[in-house]
Amino acid sequence: MMSRVYLATACLRGTPVSQHAGAALNGLQQLCTGAAEPSEGSNVDLQTTAPAVHSNHQQTSRQGIRKSDGIIPAVHAGRHHMKPAWLDKQQATEAVGFRSAKHMSHYIKEQWQLAAQSVRHSSPDKVMEAYYGCMDQICQYSEKQLNSIHISAAVYGTAKVWVAAQISHRGWYARQRANQKLRSFIARMLERLQPLLPAVNARQAANILWSLAQLRLNPDALVPGMTDSLAREFIVDMDAATAQELTNVLVACAKLQLSPCQGGLVKAVLHRLATSDLTKFEPQHVANALHSLATIPAAAPSVEVLDALCHRFGALLKSGRAAEIPNAQSTANTMWALSKLKHAPSDELAMSMVGRMVALCRVPGQHPKPQESSNVLLACAQLRLQVKQADSAILADFVLSLDKRQVGKQECANTAWSLAIMGHLHQDQFSLLLDLLTPSFAAHGAMSNVLPLNMPEMRQLYQALDWLHPPSSAPAQQQKSWSRLQGKMHRLGPRLVPEKPDLGGNSKLCAALNQLQLLFRAVVPIQSCHWVDAVLESQDNQTEAIMLRLFTADYIKNIPGRLTGRAVFNTHLLAKQGRLVDVPRNMTCDSVTLKQLADHLKPILTAAAGGSLDLYRR
């Protein structure tokens, strides 16, 4: 194996190799021999774009390459057998371990690939320790040949081996000792990189940032100033960056929430996206870019950037090449990100994306995951996209067709809530979704593994239940069906008190109501929706209550005047509980006097009361 080649070469040169380092090199070979090829893990929330590592195929010529200080040995290459073809032992003692920097790059890549294979079936601690030792030895005894490409490859390889260990040995990576060794190794690598920073190009900077994000390591915490240094080198060479490298940088910024460089780095990438041709972007690149921008608080991408990415995704959906057509994960991640960014795609693109997901529900081997289906429904609801009820039903039915062990509680809650917002939820659908969340008992009496619902999920489900609440004039059978659904919900958990609102401006609103001599209660919870700022109650307790809500409009950013689905839904639910009056929150700011607020409220409340406020006065 190559690890033995390097160790043998170092020994022949008379280079002192520690016993521990020798064990690391030989140990890595032994751990990796005969390992099976790893399967790539997928991230439900975010696709990981694998950075390209600069490497060249190893030359296998038996002829030595002559240098002034001797002959560098050539190598016999083989999958399970590699040894030096020494032409002269005396001259070999003067040789360095690698024929060239490219040869060294190939060796680094081979070692992390073998380690990533081995870690699936071996102790992750032993594999990682052997890998660290191997990389340290390369850097220590090939210092003259070491460059930024090698550091980038070693750091990237660490991320690949570490992720492979996470997939195969759940919980191992949470151990403090493993994390300490990882941090120590990466710190050594970054320290070696410091004097080489002027030579770092866009690809290497992107690879290192992406790798550190996969490892959840902030570069500044290991080597102060390293984040800014990598960002600076990437920006300088950004014209040479590929679509993959641009999205890798955004992924790194999103995962690490890097500061203080993040603002400048993200701004530079956004400018590049707005001004460049995106025809090289694949579906995964578009999805990763949008997903990252949706999770970077300070990103604030322009409408132009988002429109450009949407336009590219639409072109890919129309592509005649099967390899370019987005899969379920890319489509779902793109729609989820657009909903988070409050950026509605065109009606044509929205129908194409939903149609793609519906089509994939019918294709064996390409079915969307439950989370992907529910995320598409959630995006349609939040952005108030025009979706055919038949299409939303297919996506919901796909989730319902799965075993409850395959469907998470969040997917069920999101599906029910989204269908309710779109007005597509039926009582039988809701009942089946609740069945997926209800613990069942096996023949031996053991309860199925269904985790309890948390507060957001319970709130979503109760809001969906409230939306289904039939009017008092509905047939008795419909009322009974709804009562059964309410019973199912109560078995899952009680109705929760909604989160308290921002009380800014509430005291001024109450003061204005007092000035109008109205009878009211302040800050009142309304079922599972949220709180209202005040409720006017009539003297006879028979006239319908009037609810007042301090309201900040939540609009779709690229469509003036279109409220988000959440805003419309909450308004609809509140309106079912009484007469709702929205008071713009800016009417309670300091520049508006109390008298001006009271004068604004009086005609609005009079109209809501049917022409007279007498029944609501003290």
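With which residue does Asp614 form a salt bridge? In this predicted model, the partner of Asp614 is Arg617, and the closest N and O atoms of the two side chains are 3.8 Å apart. Arg617 itself is partly exposed, with a relative accessibility of 26%.

The pair formed by Asp614 and Arg617 belongs to a wider set, since a search of the whole structure finds 14 salt bridges. Among them is the one between Lys342 and Asp554, in which the closest N and O atoms lie 2.5 Å apart. This pair links distant parts of the chain, for Lys342 sits in the loop between α15 (328–341) and α16 (347–360), whereas Asp554 sits in the loop between β7 and α24, with 212 residues separating the two. Both partners are partly exposed, Lys342 at 27% relative accessibility and Asp554 at 22%.

A further salt bridge is found between the side chains of Asp435 and Lys488, with a distance of 2.8 Å from N to O. Here too distant parts of the chain are linked, as Asp435 belongs to helix α20 (residues 427–437) and Lys488 to helix α22 (residues 476–492), 53 residues apart. The two partners fall into separate classes of accessibility: Asp435 is partly exposed, its relative accessible area being 32%, while Lys488, at 19%, counts as buried, because the class of buried residues comprises those under 20% relative accessible area. In addition to these pairs, Asp136, Arg188 and Arg192 are joined in a network of salt bridges.

Lys508, which is placed in helix α23 (residues 506–515), presents another situation, in that this residue is buried and yet has no salt bridge. The nearest side chain of opposite charge is that of Asp590, at 5.4 Å, and the pair is therefore not counted, because a salt bridge requires a side-chain nitrogen of Lys or Arg within 4 Å of a carboxyl oxygen of Asp or Glu. Asp590 is nevertheless one of the residues in contact with Lys508 when neighbours within four places in sequence are left aside. The other residues in contact with Lys508 on this basis are Thr588, Cys589, Val592, Thr593, Leu594 and Leu597.

With regard to the strands, β7 (residues 546–551) and β8 (residues 579–584) run parallel and are joined by six bridges. Within this pairing, Arg549 stands opposite Asp582, a residue of β8. Together with helix α24 (residues 565–575), the strands β7 and β8 make up a β-α-β unit, and this unit is right-handed.

Helix α24 also contains Val568, a partly exposed residue with a relative accessible area of 32%. Apart from neighbours within four places in sequence, Val568 is in contact with Arg384 and Leu563. Val568 can also be set beside Gln382, from which it is separated by 186 residues in sequence and by 9.4 Å in space, taken from C-alpha to C-alpha.

As for cysteines, the structure holds zero disulfides. Two of the cysteines may be described individually: Cys134 is buried, with a relative accessibility of 0%, and Cys380 is likewise buried, with a relative accessible area of 1%.

How values were computed:
Residues numbered from 1 in each chain as written. Predicted model: local features only at pLDDT ≥ 70, side-chain atom pairs only at ≥ 80, totals over all residues. Heavy atoms only, no water. Helix = DSSP H or I, 4+ residues; strand = E, 2+ residues; numbered from the N terminus. Buried < 20%, exposed > 50% of the residue type's maximum accessible area, 1.4 Å probe, protein only. Lys, Arg positive; Asp, Glu negative; His and termini not counted. Contact = heavy atoms within 4.5 Å. Pairing = 2+ DSSP bridges. Right-handed = clockwise from strand over helix to strand, strands pointing away. Disulfide = S-S within 2.5 Å.
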